[in-house]
Amino acid sequence: MEIIRLNPGDPPYPNALDKYLGDAAPSSLSTLGNLELLKQHKLALFCSATCPAPVTVQTHDLAYQLTHDRVVVISGFHSPVERECLAILLRGSQPIIVCPARSLKKMRIRREWKKPLDDGRLLFLSPFADHRHRGDTAMALYRNRCVAALANKIFVAYAAPSSKTEQFCREIRAWETPLYTLESQCNVNIIQMKAKALKPNQTIELTG
């Protein structure tokens, strides 16, 4: 399987990037995996690097629920909770888009990724040039903007007060993409942004 580069105007290149990012939209995308996943309904997943234990447990429960759905889950899968969710999702059957904060060139394909790639339910996507092998804070933020722009709905498990994740939530809230979080005193800051708070075991309305 080889890396395919998409340019604006190519049929698979997502128009949502231009819609939400404007002049900051990627000049090209590197992809590895099933490009058909870009056409499907997508749920973005975000979580701060630190996360309270009760919220972590609820987020794991939601990830287990998502393993039975056909919606595409898209994320950088970088923070600890995001990585734990990826491990859960890989054991399911739903499609996944992984957006690392680096180029795809020379990226090691882990053993647990190979079967989902072969089965067509995994896509790697990067907005970065081939020489950007090492991510930094600015690249992670740009990657997150791209993930949010591609999503039909956004779930933020936790955004620590005054964190970059909270600031990011305020930015993307202006896009009016449906925003979800978990009902918890820990998430008051996100709920005040008019995010829909999910009760324990409540699922996200993934379509429509």
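# Exercises on side-chain contacts

R145 counts as partly exposed, because its relative accessibility is 24% and that class lies between buried, under 20% relative accessible area, and exposed, over 50% (1.4 Å probe, protein chains only). The model is predicted, so that local features need pLDDT of at least 70 and side-chain atom pairs count only at pLDDT 80 or more, whereas totals for chains, interfaces and linings use all residues. Residues are numbered from 1 along each chain as its sequence is written, and side-chain values use heavy atoms, with hydrogens and water left out.

**Exercise A.** Find which residue forms a salt bridge with R145, and state where the two partners lie.

*Solution.* Begin with the criterion, which asks for a side-chain nitrogen of Lys or Arg within 4 Å of a carboxyl oxygen of Asp or Glu. The partner of R145 is E171, and the closest N and O atoms of the pair are 2.7 Å apart. Next, locate both residues: R145 belongs to helix α5 (residues 137-150) and E171 to helix α6, so the salt bridge ties together parts that are 26 residues apart in sequence. Helices here are DSSP runs (H or I, at least four residues), as are strands (E, at least two), and they are numbered from the N terminus. Finally, check the accessibility of E171, which at 31% counts as partly exposed.

**Exercise B.** Establish how many salt bridges the structure holds, and describe the one formed by E36.

*Solution.* The structure holds 6 salt bridges. Among them, E36 pairs with K39, with 3.3 Å between the closest N and O atoms. The accessibilities of the partners are then read separately: E36, at 43%, counts as partly exposed, while K39, at 64%, counts as exposed.

**Exercise C.** Work out which parts of the chain are linked by the salt bridge between E183 and K199.

*Solution.* The side chains of E183 and K199 meet at 3.2 Å, N to O. E183 sits in the loop between β8 (179-182) and α7 (188-191), and K199 in the segment after β9 (196-198), so that the pair links distant parts of the chain, 16 residues apart. E183 has a relative accessibility of 38% and counts as partly exposed; K199, with a relative accessible area of 47%, is partly exposed.

**Exercise D.** Classify the aromatic pair of F46 and F168, and decide whether its residues are buried or exposed.

*Solution.* A search of the whole structure finds 4 aromatic pairs, one of which is F46 with F168. Rings of Phe, Tyr and Trp (its six-membered ring) pair if their centres lie within 6.5 Å, and planes under 30 degrees apart count as stacked, over 60 as edge-to-face and the rest as tilted. The ring centres of F46 and F168 are 5.0 Å apart and the planes stand at 65°, so the pair is edge-to-face. F46 lies in strand β3 (residues 42-46) and F168 in helix α6 (residues 164-173), 122 residues apart. Both F46 and F168 are buried.
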